[in-house]
Amino acid sequence: PSAAAALWEYGQVVGDYFAAVQGGAWSDPRVAALAAALVRRGVSGMAQTSWGPTMAVLCADEDQATDIVALVPTLAPEVEWGLTVTAGRNTGATVTIR
């Protein structure tokens with residue numbers, strides 16, 4: 001599967017594991033509603049980070065990221081979202097032993 005599909009599947013498995021203690025697959029109902037709204041618009045590749053409520057969304061390119069950043073506030077204008085766009089490092093790690 002694609003990285004986006006794998007991230008979504010991972011997010012669902014981990015969310016389901018913690019659902020009993022966090023009230024559902026997502027730790028915050030506002031984030032759950034946002035995820036559902038994004039899925040309805042064809043966005044995939046989302047997962048909650050750690051215990052939440054932060055969400056990560058993989059985007060195909062910068063244009064898609066820009067579109068999602070513009071879309072999110074319209075989906076839940078009552079929430080003050082903190083949105084950050086970043087790119088993958090795309091290089092391996094460097095380990096230095098001294």
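## Briefing: three helices, two strands and a nonpolar core

Leu83 sits in the segment that comes after helix H3 (62–75). That is one spot in a predicted model whose chain has three helices and two strands, arranged along the sequence as α-α-β-β-α. Here is a friendly tour, starting with the overall picture and then moving through helix H1, the core, one salt bridge and a surface patch.

**Overall picture**

- Taken along the principal axes, the C-alpha atoms of the chain fill a box of roughly 50 × 35 × 30 Å.
- The chain has 98 residues, and 23% of them count as buried.
- Its accessible surface comes to about 7,000 Å², and carbon and sulfur atoms hold 56% of that area.
- If you look at contacts in the chain with a separation of 6 or more, 42% of them come from residues 24 or more positions apart.

**Helix H1 and its end**

- Helix H1 covers residues 3–22 and bends by about 40° at Asp16.
- Five names make up the buried residues of H1: Ala4, Leu7, Gly11, Gly15 and Gln22.
- These buried residues pack against two strands, E1 (46–48) and E2 (55–57).
- Gln22 is worth a closer look: this residue of helix H1 has a relative accessible area of 12%, and since that is under the 20% limit, Gln22 counts as buried.
- Setting aside residues up to four places away in sequence, Gln22 touches Gly15, Ser27, Gln48 and Trp51.
- Right after H1 comes Gly23, which has a positive phi, near 85°.

**The nonpolar core**

- The largest nonpolar core brings together ten residues: Trp26, Val31, Leu34, Ala35, Leu38, Val43, Met46, Met55, Ile68 and Val72.
- Two elements, helix H2 (29–40) and H3, each give two or more residues to this core.
- H2 gives the most, with four residues.
- Trp26 is one of the core residues, and its contacts, leaving aside neighbours within four places in sequence, are Trp8, Gln12, Val31, Ala32, Ala35, Met46, Ala47, Gln48 and Met55.
- Several of those partners belong to the core as well, including Val31, Ala35, Met46 and Met55.
- Gln48 is a contact of Trp26 and is also touched by Gln22.

**The salt bridge**

- The count of salt bridges comes to one.
- In this salt bridge the side chains of Arg30 and Asp28 meet, at 2.7 Å from N to O.
- Asp28 has 11% relative accessibility, under the 20% limit, so Asp28 counts as buried.
- Arg30 has a relative accessible area of 47%, which lies between the 20% and 50% limits, so Arg30 is partly exposed.

**A nonpolar patch on the surface**

- Val69, Leu83 and Val85 form a nonpolar patch on the surface, and together they have about 220 Å² of accessible area.
- Leu83, from the segment after H3, shows 38% relative accessibility, and because that value falls between 20% and 50%, Leu83 counts as partly exposed.
- The same 38% is over the 30% that a patch residue needs, so Leu83 can take its place beside Val69 and Val85.

Terms used: Residues are numbered from 1 along each chain as its sequence is written. This is a predicted model: local features need pLDDT of at least 70, side-chain atom pairs count only at pLDDT 80 or more; totals for chains, interfaces and linings use all residues. Side-chain values use heavy atoms; hydrogens and water are left out. Patches are made of residues with over 30% relative accessible area and no salt bridge: like charges are joined within 9 Å, nonpolar side chains (Val, Leu, Ile, Met, Phe, Trp, Tyr) within 5 Å. Accessible areas come from the Shrake-Rupley method with a 1.4 Å probe; for residues, only the protein chains shown count as cover. A salt bridge is a side-chain nitrogen of Lys or Arg within 4 Å of a carboxyl oxygen of Asp or Glu. Buried means under 20% relative accessible area, exposed over 50%, partly exposed in between (1.4 Å probe, protein chains only). The bend at a residue is the angle between axes fitted to the seven residues ending there and the seven starting there. Contact means heavy atoms within 4.5 Å. A nonpolar core is a set of buried Ala, Val, Leu, Ile, Met, Phe, Trp, Tyr and Cys residues joined through side-chain atoms within 4.5 Å.
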